[in-house]
Amino acid sequence: MSDTIQAVKGMNDILPPESATWDWFEGLVRSLMKRHGYLGVRTPIVEPTALFVRGLGEVTDIVEKEMYSFVDSMNGDRLSLRPENTAGVVRAVTEHSLLRDGGKRLYYIGPMFRHERPQKGRYRQFHQVGAEALGFAGPDVDAELILMCRMLWRELGLVEGRDLRLELNSLGQPEERRAHREALIAHFEAHAELLDEDARRRLHSNPLRILDTKNPAMRALVEAAPQLMNFLGAESLAHFNAVCAALDAAGLTYRINPRLVRGMDYYNLTVFEWVTERLGSQGTVCGGGRYDTLIEQLGGKPAPAVGWGLGIERLLLLLQEAGIGAPAVAPDAYAVVPSPATMPIALRTLDALRAAGVSVLMHAAGRDGLGSMKSQFKRADASGARHALIFGDEEVARGEVAVKPLREASAAQHTRVLSDAALWADELRTA
Ligand code: ATP
Ligand code: MG
């Protein structure tokens, strides 16, 4: 026997029964997006490397050390597996002039790739839901996007405040950040001996990034750094206050965290994260903010935009921690087929039932045939189905099928007419 081949490290198979949780989650997301007027967008998983270098910023964790980049040996193109999808959405929106007739609300669900050290809640292929509102200046859509998250938590059964809480900040505008940047550099230079290697490298290229450090040894220094909030002008403050007022009116509590910066350079004004205490250092489940200059930076006609990205694996881990699972899915019925002779009629009947909305699991033959009635009933029981449909020779000869309730001891077995399957489908279907 040859050696088996294993999945790439940090990239996971999503298998039953866990995949049912994913399906359930994605169904809730699609319904949520529909109710908020967000339309689906699907962009390629591979993009030109330049898109991310230009979009996310050269001196960011993602671009410096986390991207899967390669040269296409067929034509020499420099490509990357997408580490996030805001840049890809902006590219697509610009390439297809999607904003020519006004703003667009878009969403996606799909895999992202980052070459990180795999651990719980941190993988090399992971999945995000993202929502992006392009062509809107806010602050109304900023608040709408945040409230949309809260609705998702609620519909999943999570409790905001207990399982997840919102952190909020404003990064102001580029010119405000320039003044802050000078103050920041002065602060860090005054304590140069406390900077780690990353911070020293970023001191003059991207000092704001230092605030995003995960190094506990630098926490005190970062805590004491000048706060961007104090450098904001009246307009930026008014925008921020309007977001806060809308959240207040909706009864959403949040913490203003003046040191919150995000991992990409494209953000301005509103930034936010939904964080949890239950997943250790992988505590950020969802993050987002405004990126009013990204579209222009990537060659599009200037237009404001705001969005968020949510890590599905982390959210599902959080659900697990909170003891929340997908509702159990069992078929409505299991078809017991004692002999191969009745199989064509059984299958035809199942076809009619399925068309009428009933979920039926058919007993399928193995190498040794269909197996005994006893073993078929065992399977029917294990499937969780509420009814067994018995396609016995005698019943089928009479043009009937026996319906046996499997979960209620008091309910009696009865027969139904095969040719009328659509008429009695309702009694099988779970409400
Ligand atoms: P972190 O600070 O934990 O590295 P991040 O700031 O890099 O997160 P974003 O780029 O904002 O994360 O991505 C949005 C969300 O995607 C994160 O909040 C997280 O839930 C998820 N995410 C990011 N990287 C990974 C990963 N390697 N594995 C699993 N989920 C991830
Ligand atoms: Mg990261």
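**Helix H4, a cysteine pair and the domain layout**

Just after H4, Ser-97 adopts a positive phi of about 45 degrees; helices (H or I, at least four residues) and strands (E, at least two) are DSSP runs, numbered from the N terminus. The model is a predicted one, in which local features need pLDDT of at least 70 and side-chain atom pairs count only at pLDDT 80 or more, while totals for chains, interfaces and linings use all residues. Residues are numbered from 1 along each chain as its sequence is written, chains are lettered from A and ligands numbered from 1 in the order in which they are written, and side-chain values use heavy atoms, with hydrogens and water left out.

Helix H4 itself (residues 86-95) is largely enclosed by the rest of the structure, because eight of its ten residues are buried (under 20% relative accessible area, against over 50% for exposed and in between for partly exposed, with a 1.4 Å probe and protein chains only). Among these buried residues are Thr-86, Gly-88, Arg-91 and Val-93. The buried residues of H4 pack against strand E2 (46-48), helix H2 (49-56), strand E5 (104-113), strand E6 (125-134) and helix H10 (294-297), where contact means heavy atoms within 4.5 Å.

The structure contains zero disulfides, a disulfide being a pair of cysteine sulfur atoms within 2.5 Å. The sulfur of Cys-286 lies 4.0 Å from the closest cysteine sulfur, that of Cys-149, which is too far for a bond. Cys-149 is buried at 0% relative accessibility, and Cys-286 is buried with a relative accessible area of 1%.

The domain assignment of the protein chain, automatic or from a database, gives domain 1 (18-172 + 252-321), domain 2 (175-231) and domain 3 (333-427). The C-alpha centres of domain 2 and domain 3 are 69 Å apart.
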